[in-house]
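Reader: Please take a close look at a single part of this structure, a strand and its surroundings, and describe how that part is connected to its neighbours.

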Amino acid sequence: MPVEPATTPALSLAVTPTATPTATPKATPAPTSTAAAGSVVLEHPAAQAMDAHPAPSGPAPGPGVAASAADPNAWTRQELSDPHTHAEKAGKVRRMFAAIAGSYDLNNRVHSLGLDQRWRRFAVAEAAVRAGDRVLDVACGTGDLTQAFAATDAAEIVGLDFTREMLELARKKQLALPAGVAGRLRYVEGDAQRLPFEDRAFDVVSIAFGIRNVENPKTALREFARVLRPGGRLVILEFDQPRNPLVRWFNSIYCRGIMPRTATWISGDKSGAYRYLPASVETFLARETLLGALREEGFSHGKASPLSLGICVCYRAVRV
Ligand SMILES: C[S@@+](CC[C@H](N)C(=O)[O-])C[C@H]1O[C@@H](n2cnc3c(N)ncnc32)[C@H](O)[C@@H]1O
């Protein structure tokens, strides 16, 4: 397992812009009331709609808890041939993360050999946060990237996710932070495709290992462009398939043959989350396609920096 991020050169935005996407930008409902003075977070119909989602039943199992019954929500082999086209992708993804929330951080550390936190720090550096900036970390999960932004001089860092169980853990971790750090963090339940914030509210938007899980990534990119001010930076961390054939072969053995077994054992998962992970990476947008989508959705200066031999990629782009 390689240890140094960003050892390979960044891939520049080299994709010829294609036609404007056929889908028209979604109308953003008007906010209903403002929050505390100085805050960019608004109460918004989209935020209220999140409360209507049914909570998944039962707590997340702890490490080593054996799967005892089939999960009717579990990914089937056929669904995993291309999970991104599944009609119920959002609901399945949400229930899946609710199921594995309790052991999510442990599995990340164990199965990335600690590299995941380095990748997040790289993403924070790429965001070039300035004093007083407002940062939105979308699909924040348990808040590891959100918290990493606290090392900067950002004035406010908002973490947003649509899985309540993940957010609860993020908030629990927030309580353990020094007051000066915790006070700059805020967590909001919401959907990446319908962000409950005003236009141009943020200087930085980030999303780590989340864009692949969003039902319609292009809709989310459009939302990121909407809430970023011109000149604002978007940073995306996402898994990828290494380009070197030998590294790709080893990575595939690990991701398909080893990791799903050990991660499932640690989490006691019955949803198929750790079979979904490699399947969703292999069928997700190629680097060049994602860079092209960024350009179509209002970003310039797109670049992709492969990390750890291309297991992970950090994308950076600037809001036009
Ligand atoms: C792999 S986790 C990543 C969590 C975190 N960013 C990290 O670095 O560990 C993916 C997260 O995306 C969230 N997610 C997926 N689709 C979403 C959506 N449409 N809106 C908000 N969150 C979403 C899931 O709930 C989950 O917490």
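Author: Two strands are taken to pair if DSSP finds at least two bridges between them. The model examined here is predicted, and the part chosen is strand E8, which spans residues 228–239. E8 is mostly covered, with nine of its twelve residues buried.

On one side of the pairing stands strand E7 (residues 202–208), which runs parallel to E8 and is joined to it by six bridges. Within this pair, Ile207 has Ile236 of E8 as its bridge partner. The connection between the two strands passes through helix H8 (residues 217–227), and E7, H8 and E8 together make a right-handed β-α-β unit.

Val227 belongs to H8, whose residues are 217–227. Leaving aside residues up to four places away in sequence, Val227 touches Leu136, Leu195, Phe197, Asp199, Ala201, Phe202 and Val205. Both Val227 and Val205 are listed, with Ala123, Phe149 and Cys314, as the residues with the most contacts inside the largest nonpolar core, a set of 81 residues.

E8 also pairs with strand E10, here in an antiparallel arrangement with seven bridges. Leu234 stands opposite Ala317 of E10 in this pairing. E10 (residues 312–319) is in turn joined by seven bridges to strand E9 (residues 299–307), again antiparallel. In that pair Leu307 faces Cys312 of E10. Four residues separate E9 from E10 in a hairpin, and Ser308 in its turn has a positive phi of about 50°.

Technical notes
Residues numbered from 1 in each chain as written. Predicted model: local features only at pLDDT ≥ 70, side-chain atom pairs only at ≥ 80, totals over all residues. Core = buried A, V, L, I, M, F, W, Y, C linked by C-beta atoms within 7 Å. Buried ≥ 20, exposed ≤ 12 C-beta atoms within 10 Å, placed from the backbone. Contact = placed C-beta atoms within 7 Å. Right-handed = clockwise from strand over helix to strand, strands pointing away.
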